[in-house]
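User: Could you take a close look at one part of this model for me? I would like to hear about the largest nonpolar core and what surrounds it.

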Amino acid sequence: MKKKSTLRLFVLAFLVALVNATEMKNARADNEPNAAALGVKVETLIRSDRSWNGDLLPKLNDVQAEVRVLRITVPAGVTLPRHFHPVINAGVLLQGRLRVESDDGASQSLQPVQAIIEMVNKVHRGISLGPDPAVIVVVYVGPKGSPITVPATSALNPNSTKKANEIVTIRPLTTVDSQQGLMQFVGISGANSGARGLSMNRVVIPPGGQAAAHRHVGSESAIFLLAGRVETFYGPCLEKSVINQTGDFLFIPPGVIHMPVNLSASEAAIAIVARNDANEQEHVELHTPPGKAPSCF
């Protein structure tokens with residue numbers, strides 16, 4: 001019920017923002033059975049479960065959500081500092097021209113009244129192309145009290161201004177897709193806690209699912225299987241395997257090619273994974289096609 005309520009709140013806030021920003025006024029349209037008779041026009045500008053670059057949006061847990069609506073004006077010719085958004089957000093450009101560019105080379109240009117669903121947790125920037133200032137209304141939805149925009153300079157250590165003796169609490173509320181094709185709740189990493197040599201995530205393998213064959217360059221992996229039965233194939237040609245069950249601990253040395261497979265067709269396998277690498281996703285190497293190392297062709 002909370003997820004549905006959050007979605008309704010998001011849509012309502014978005015519509016209110018557009019009405020206020022364009023100074024449209026329709027008295028008591030919300031109470032009339034036939035809004036069209038009052039001249040109210042509702043258009044779906046955009047609807048998707050993906051951001052503009054094709055990434056699936058993070059999932060929301062059953063938590064208290066908060067919606068923020070901002071109208072942002074960027075003078076013509078101004079390039080915004082590189083940044084990222086840890087929460088879901090979408091916007092409509094009301095005036096001017098705007099181009100968004102991500103660090104991985106993707107870009108999209110917007111004209112007035114075009115809508116955009118922004119990327120989540122990916123560094124990017126916006127450029128006001130002129131000749132008029134770019135004016136955009138943006139709706140952000142996420143856990144109450146969470147930051148909505150983080151400078152790119154903080155991506156590796158957003159808590160760098162905190163004292164070294166402070167304790168940081170991370171409450172992962174959304175899942176992200178790892179490079180190896182698994183859902184994970186990011187617990188401790190350099191990007192969210194200021195950790196320098198440690199990461200810890202909660203990883204979920206769906207029923208009947210598996211990861212892509214991969215290895216972690218330069219980092220050890222310590223794994224505790226919270227639930228399920230998993231067979232992990234490993235070795236240069238994935239010629240060996242080990243089967244583990246709930247309560248087992250696993251250790252995977254650095255650089256070992258491996259591929260975990262959930263042995264259950266009906267229940268997810270869940271594990272806590274720790275590595276001596278604060279930015280472990282940057283050092284994942286995939287081996288394709290899945291299940292085969294290049295030397296085994």
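Analyst: Happy to; here is a walk through that core, its strands and the spaces in the structure. This is a predicted model, in which local features need pLDDT of at least 70 and side-chain atom pairs count only at pLDDT 80 or more, while totals for chains, interfaces and linings use all residues. Residues are numbered from 1 along each chain as its sequence is written, and side-chain values use heavy atoms, with hydrogens and water left out.

The largest nonpolar core has 14 residues, and Leu93, Leu98, Ile116 and Ile136 have the most contacts inside it. Such a core is a set of buried Ala, Val, Leu, Ile, Met, Phe, Trp, Tyr and Cys residues joined through side-chain atoms within 4.5 Å. Buried here means under 20% relative accessible area, exposed over 50%, and partly exposed in between, with a 1.4 Å probe and protein chains only. Two elements give two or more residues to this core: strand S4 (98–102) and strand S8 (134–143). S8 brings the largest share, four residues. Strands are DSSP runs of E with at least two residues, numbered from the N terminus.

Leu98 is a good residue to zoom in on. Leaving aside neighbours within four places in sequence, Leu98 is in contact (heavy atoms within 4.5 Å) with Leu93, Gln108, Ser109, Leu110, Gly126, Ile127, Ser128, Leu129, Ala134 and Ile136. Apart from this core lies another, of 12 residues, which include Leu182, Ala211, Leu225 and Val273.

Now to strand S3 (88–95). Six of its eight residues are buried, so S3 is largely enclosed by the rest of the structure. S3 pairs with S8 in the antiparallel sense over seven bridges, and within that pairing Val92 stands opposite Val137. S3 is also joined by three antiparallel bridges to strand S6 (residues 115–117), where Ala90 stands opposite Ile117. Two strands count as paired if DSSP finds at least two bridges between them.

S3, S4 and S8 also turn up in the lining of the second largest pocket, where strand S1 (65–74) and strand S7 (124–128) join them in supplying at least two residues each. This pocket holds about 280 Å³ of space. Of its 21 lining residues, Ile72, Leu80, His83, His85 and Tyr140 are the closest to its centre. The lining divides into 12 nonpolar, seven polar and two charged residues. For these classes, Ala, Val, Leu, Ile, Met, Phe, Trp, Tyr, Cys and Pro count as nonpolar, Asp, Glu, Lys and Arg as charged, and the others, Gly among them, as polar. On a 1 Å grid over the protein atoms alone, a pocket is an open set of points with protein on both sides within 12 Å along at least five of seven lines, a cavity is a set where a 1.4 Å probe fits but cannot get out, and lining residues have an atom within 4 Å of a point. Points are joined across faces, edges and corners, and a volume is the space filled by probe spheres set on them.

Finally, the enclosed spaces: the structure holds two cavities of 30 Å³ or more. About 280 Å³ lies in the largest cavity. Its lining has 23 residues, with Leu182, Val203, Ile223, Pro260 and Val273 nearest its centre. Leu182 and Val273 are also among the residues of the other core. The largest share of this lining, five residues, comes from S19.
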